[in-house]
Amino acid sequence: MRTPHVVVVMGVAGTGKTTIGPLLAARLGVPYAEGDDFHPQTNIDRMSAGVPLDDDDRWPWLDAIGVWAHGRAGLGGVVSSSALKRVYRDRLRAAAPGIVFVHLTGDRALIEDRMSHRTGHFMPTALLDSQFATLQPLEADEAGVAVDVRGGPEQITERAVAALRALP
């Protein structure tokens, strides 16, 4: 399956954006960009210290992702980004209007468990509550799908591909 769309794999920390994003990109035959790589070092330092980012911290990060997505318009691509608020997704859509979102969803206990077992990531589990508090799920007028994160990476990717195929 190939897609000319740019797909943003979104969700709270620990849902598997960094795992599912490359798998989805491979299935779609398009490049993958890791959203965390677009963060300025100051953002990474804040999150590593357990300090949640505010909107002012996120704008330059979202704008950098938007530039990448715009450059992939008509060619396709997959990028990860928490994109927790509607206003963040609106900003990404303003930069690249054809963006489609894959919202990785799961209950807090499952996600916390997964976060507690990963190594080498700057996002501590202490910030999970702030992520859920900030999260505004996709609305009916937003191009995208919600995909449950129960199961293994291949199962989740398969659900994402099937859900994307079902989009008009």
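**Exercise 1. In which strand does S80 lie? Place this residue in its surroundings.**

Solution.

The model is predicted: local features need pLDDT of at least 70, side-chain atom pairs count only at pLDDT 80 or more, and totals for chains, interfaces and linings use all residues. Residues are numbered from 1 along each chain as its sequence is written, and side-chain values use heavy atoms, with hydrogens and water left out.

Step 1. S80 lies in strand 3 (residues 77-80). Strands (E, at least two residues) and helices (H or I, at least four) are DSSP runs, numbered from the N terminus.

Step 2. Check burial. S80 has a relative accessible area of 3% and is buried. Buried means under 20% relative accessible area, exposed over 50%, and partly exposed in between (1.4 Å probe, protein chains only).

Step 3. Sort the strand by side. G77 and V79 point one way, V78 and S80 the other way, and all are buried.

Step 4. List contacts, meaning heavy atoms within 4.5 Å. Leaving aside neighbours within four places in sequence, S80 is in contact with V9, K17, Y32, A33, E34, G35, D36 and I65.

Step 5. Look for a polar atom pair. A polar atom of the S80 side chain lies 2.8 Å from the backbone nitrogen of G35.

**Exercise 2. Describe the situation of E34.**

Solution.

Step 1. Locate E34: it sits in the loop between strand 2 (32-33) and helix 2 (41-48).

Step 2. Look for a charge partner. E34 is buried yet has no salt bridge. A salt bridge is a side-chain nitrogen of Lys or Arg within 4 Å of a carboxyl oxygen of Asp or Glu. The nearest side chain of opposite charge, K17, is 7.6 Å away. Lys and Arg count as positive and Asp and Glu as negative; His and the chain ends are not counted.

Step 3. Look at the backbone. The E34 side chain reaches the backbone nitrogen of D36 at 3.1 Å.

Step 4. Add the contacts. Leaving aside neighbours within four places in sequence, E34 is in contact with T18 and S80.

**Exercise 3. Derive the strand order of the sheet.**

Solution.

Step 1. Set the rule: two strands pair if DSSP finds at least two bridges between them.

Step 2. Start from strand 3. Strand 2 pairs with strand 3 in the parallel sense over 2 bridges. Here Y32 has V78 as its bridge partner.

Step 3. Move to strand 1 (residues 6-10). Strand 1 and strand 3 are parallel, over 4 bridges. V8 is partnered by V79.

Step 4. Go on to strand 4. Strand 1 and strand 4 run parallel and are joined by 4 bridges. V7 stands opposite V100.

Step 5. Finish with strand 5 (residues 144-148), which pairs with strand 4 in the parallel sense over 5 bridges. F101 faces G144, and H103 faces A146.

Step 6. Read off the result. The open sheet of 5 strands has the order 2-3-1-4-5, with parallel pairing. Strands 2 and 5 stand at the edges with a single partner strand each, so one side of each is left without a neighbour in the sheet.

Step 7. Check strand 4 (residues 100-105): 5 of its 6 residues are buried, so it is largely enclosed by the rest of the structure.

**Exercise 4. How many aromatic pairs does a search of the whole structure find? Classify the geometry.**

Solution.

Step 1. The search finds 1 aromatic pair.

Step 2. The ring centres of W59 and Y88 are 5.6 Å apart and the planes are at 80 degrees, so the pair is edge-to-face. Rings of Phe, Tyr and Trp (its six-membered ring) pair if their centres lie within 6.5 Å; planes under 30 degrees apart count as stacked, over 60 as edge-to-face and the rest as tilted.

Step 3. W59 lies in helix 3 (residues 55-71) and Y88 in helix 4 (residues 86-95), so the pair ties together parts that are 29 residues apart in sequence.

Step 4. Both W59 and Y88 are buried.

**Exercise 5. Which parts of the chain does the salt bridge of R89 and E142 link?**

Solution.

Step 1. The closest approach is 2.7 Å, N to O.

Step 2. R89 lies in helix 4 and E142 in the loop between helix 6 (128-134) and strand 5, 53 residues apart.

Step 3. R89 is buried at 0% relative accessible area, and E142 is buried at 6%.

Step 4. Compare D90 and R93, which meet in a salt bridge at 2.4 Å. Both lie in helix 4, 3 residues apart, about one turn of the helix.

Step 5. Salt bridges that share partners join R86, R89, D90, R93, E139, D141 and E142 into one network.

Terms used. Polar contact = N/O pair within 3.5 Å; in protein donor to acceptor, adjacent residues only side chain to side chain.
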